[in-house]
Amino acid sequence: MSVSQFSVPQAGVRPAEQQPQWPDPEEVTRVRQRLAGLPPLVGPDDCDRLAVLLGEVARGRAFLLQGGDCAEMVERATPAAVHGTVETLVRLAGTLERAFGMPVVTVGRLAGQYAKPRSSPVETVHGRTLPAYRGDAVNGAAFTPQERTPDPRRMLRAYEAAATTLRLVADRPEAGPRTAREVFVSHEALLMDYELPLTRRDARTGRPYAGSGHLLWAGERTRDPQGAHIAYLARIGNPVAVKIGPGARPDDLLRLARVLNPAAVPGRLTFIVRTGAGTVRRVLPDLVGAVADAGVPVAWVCDPMHGNTVRVNGRKTRHFDDVYEEISGFFEVHRSLGTHPGGVHLEMTGADVTECLGGGSGAVWSAGVRPADLPSRYESACDPRLNRTQALELGRLVAGLRTPPLVPAG
Ligand SMILES: O=C[C@H](O)[C@H](O)COP(=O)(O)O
Ligand SMILES: C=C(OP(=O)(O)O)C(=O)O
Ligand SMILES: [Mn+2]
């Protein structure tokens with residue numbers, strides 16, 4: 001299969017949702033050709049190894065920690081930013097590993113999280129309407145017509161930033177014997193003009209692999225089982241995941257499992273559930289029950305961020321207590337069903353930002369982040385992230401939930 005064949009729409013597949021309206025289609029073609037000539041950022045061997053580790057998660061013998069920015073920014077592919085996030089992830093992983101007595105598989109939202117789905121294609125500020133920010137691979141976050149105009153050349157900058165980020169992940173100063181840990185990278189496979197040219201055939205098996213990251217997922221807005229994103233994930237050899245929101249029905253999950261994991265391989269498919277703290281106990285049992293009854297092996301992961309977004313003083317934020325409450329409900333449901341709460345998926349950073357509210361035991365802010373603190377370091381280009389202190393505090397709380405291995409390791 002050649003790279004170009006990836007761009008041919010498959011029969012019966014609906015067009016990709018959430019794609020930018022590029023003003024100059026010829027420029028898009030040129031950029032796609034450039035991307036197709038660049039080396040892939042990750043190789044099939046590492047993707048396969050991650051799939052094996054996720055197989056351990058699906059079997060109840062390992063735990064997945066996935067985290068990083070909502071929207072990575074090209075200018076923040078710096079040692080300070082990347083090492084800060086990775087070091088926080090690695091510490092969190094250590095806390096969970098000790099508490100759970102099982103390996104923790106560490107995966108960053110890193111080196112590719114440059115494209116965002118949005119609930120509205122436009123944003124209006126003081127009566128002025130411009131295209132919504134769709135991630136650094138598409139347009140700029142600043143609210144000016146120039147920045148918000150989609151520019152395909154940004155995909156090349158995103159690729160370069162991803163390559164830099166991967167180098168920084170590999171060359172971490174703190175990677176001594178105590179903290180040495182493999183960190184994989186993941187992002188939402190949203191932007192087809194970026195993903196398709198970076199998809200390459202594995203010379204050994206002939207199977208196509210995404211070269212943009214080890215683990216790719218489809219979002220809550222692009223998980224139509226007949227849509228282009230799911231069709232794409234079905235064709236690649238990488239392990240894949242799907243975000244599952246509060247409106248998903250058991251049948252939707254079974255269809256996704258049939259399309260994405262027809263051979264029922266543990267580790268191939270992860271469901272990342274993000275229902276909201278008030279909903280998880282009500283909706284999760286039927287979803288998990290249906291998938292278990294169908295005998296489909298999946299890894300279950302909790303994203304406690306995206307179902308808990310609220311607006312406070314005009315800014316998107318999340319309460320630390322809601323984030324913890326959703327994870328706690330997720331663990332409770334799995335415990336009652338005898339299934340494995342396989343992981344958590346966080347929007348977090350190593351920096352002391354003020355984007356999520358609360359937290360606070362031992363924090364820089366003694367009472368946690370308060371609404372009045374939000375403007376001081378609100379640096380996310382999209383959704384609010386846990387800061388380093390909040391992320392580590394959450395890790396200690398989740399460690400207290402404990403999760404016995406379903407199958408004794410060894
Ligand atoms: O992180 C992802 C999405 O882009 C985000 O949750 C959507 O937010 P919006 O409602 O501001 O578009
Ligand atoms: C867009 C995201 O999530 P979801 O698809 O679950 O809304 C995200 O993870 O940033
Ligand atoms: Mn987000």
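Tutor: The buried residues of H7 pack against helix H6 (192-195), strand S8 (215-218), strand S9 (240-244) and H8. The model is a predicted one.

Student: Which residues of H7 are buried?

Tutor: In H7 the buried residues are Ala-228, His-229, Ile-230, Tyr-232 and Leu-233.

Student: Why are H7 and H8 called oblique to each other?

Tutor: Helix H7 (residues 228-235) meets helix H8 (residues 250-260) at an angle of about 40°, and their axes are 9 Å apart. Roughly parallel needs an angle under 35 degrees, and roughly perpendicular runs from 65 to 115. An angle of about 40° fits neither range, so H7 and H8 are oblique.

Student: Which residues make that contact?

Tutor: H7 contributes Ile-230, Leu-233 and Ala-234, while H8 contributes Leu-256, Val-259 and Leu-260. By class, the contact of H7 with H8 has 6 nonpolar, no polar and no charged residues.

Student: What makes H1 roughly parallel to H5?

Tutor: Helix H1 (residues 25-37) packs on helix H5 (residues 153-170) at an angle of about 20°, with the axes 8 Å apart. The limit is under 35 degrees, so H1 and H5 are roughly parallel. From H1 the contact takes Val-31, Arg-34 and Leu-35, and from H5 it takes Arg-153, Met-155, Leu-156 and Tyr-159. The residues of this contact of H1 with H5 are 5 nonpolar, no polar and 2 charged.

Student: How do you know that the residues Cys-70, Glu-347 and Asp-383 cluster in space?

Tutor: An unreviewed UniProt entry annotates Cys-70, Glu-347 and Asp-383 as "binding site". They are spread over 314 residues of sequence, yet the largest C-alpha distance is 7.9 Å.

Student: Why does Cys-70 count as buried?

Tutor: Cys-70 has 22 other C-beta atoms within 10 Å. Buried requires 20 or more, so Cys-70 qualifies. Cys-70 lies in the loop between strand S1 (63-68) and helix H3 (79-100). Apart from neighbours within four places in sequence, Cys-70 is in contact with Glu-347, Ser-380, Cys-382, Asp-383 and Arg-385.

Student: What makes Glu-347 buried?

Tutor: The count for Glu-347 is 27 other C-beta atoms within 10 Å, against a threshold of 20 or more, so Glu-347 is buried. Glu-347 sits in strand S14 (residues 343-347). Beyond four places in sequence, the residues that Glu-347 touches include Cys-70, Asp-383 and Met-305.

Student: Why is Glu-220 called partly exposed?

Tutor: Glu-220 has 19 other C-beta atoms within 10 Å. Buried starts at 20 and exposed ends at 12, so a count of 19 falls in between. Glu-220 is in the loop between S8 and H7. Leaving out residues up to four places away in sequence, Glu-220 touches Lys-243, Gly-245 and Arg-274.

Student: Is His-306 buried or exposed?

Tutor: His-306 has 21 C-beta neighbours inside 10 Å, and 20 or more is the requirement, so His-306 is buried. His-306 is in the loop between strand S11 (299-302) and strand S12 (310-312). From an unreviewed UniProt entry, Glu-220 and His-306 are among the residues given as "binding site".

Student: Which residues surround ligand 2?

Tutor: Around ligand 2 are Cys-70, Pro-117, Gly-219, Glu-220, Arg-221, Lys-243, Arg-274, His-306 and Asp-383. This shell has 2 nonpolar, 2 polar and 5 charged residues.

Student: What surrounds ligand 1?

Tutor: The shell of ligand 1 consists of Cys-70, Lys-116, Pro-117, Arg-118, Ser-119, His-306, Cys-382 and Asp-383. Of the residues around ligand 1, 3 are nonpolar, 2 polar and 3 charged.

Methods
Residues numbered from 1 in each chain as written. Chains lettered and ligands numbered in written order. Predicted model: local features only at pLDDT ≥ 70, side-chain atom pairs only at ≥ 80, totals over all residues. Axes fitted to C-alpha atoms, helices over the stretch in contact; angles between N-to-C directions. Helix = DSSP H or I, 4+ residues; strand = E, 2+ residues; numbered from the N terminus. Contact = placed C-beta atoms within 7 Å. Nonpolar A, V, L, I, M, F, W, Y, C, P; charged D, E, K, R; others polar. Near = placed C-beta within 6 Å. UniProt positions renumbered as here; feature names shortened; annotations may be inferred. Parallel < 35°, antiparallel > 145°, perpendicular 65-115°, else oblique.
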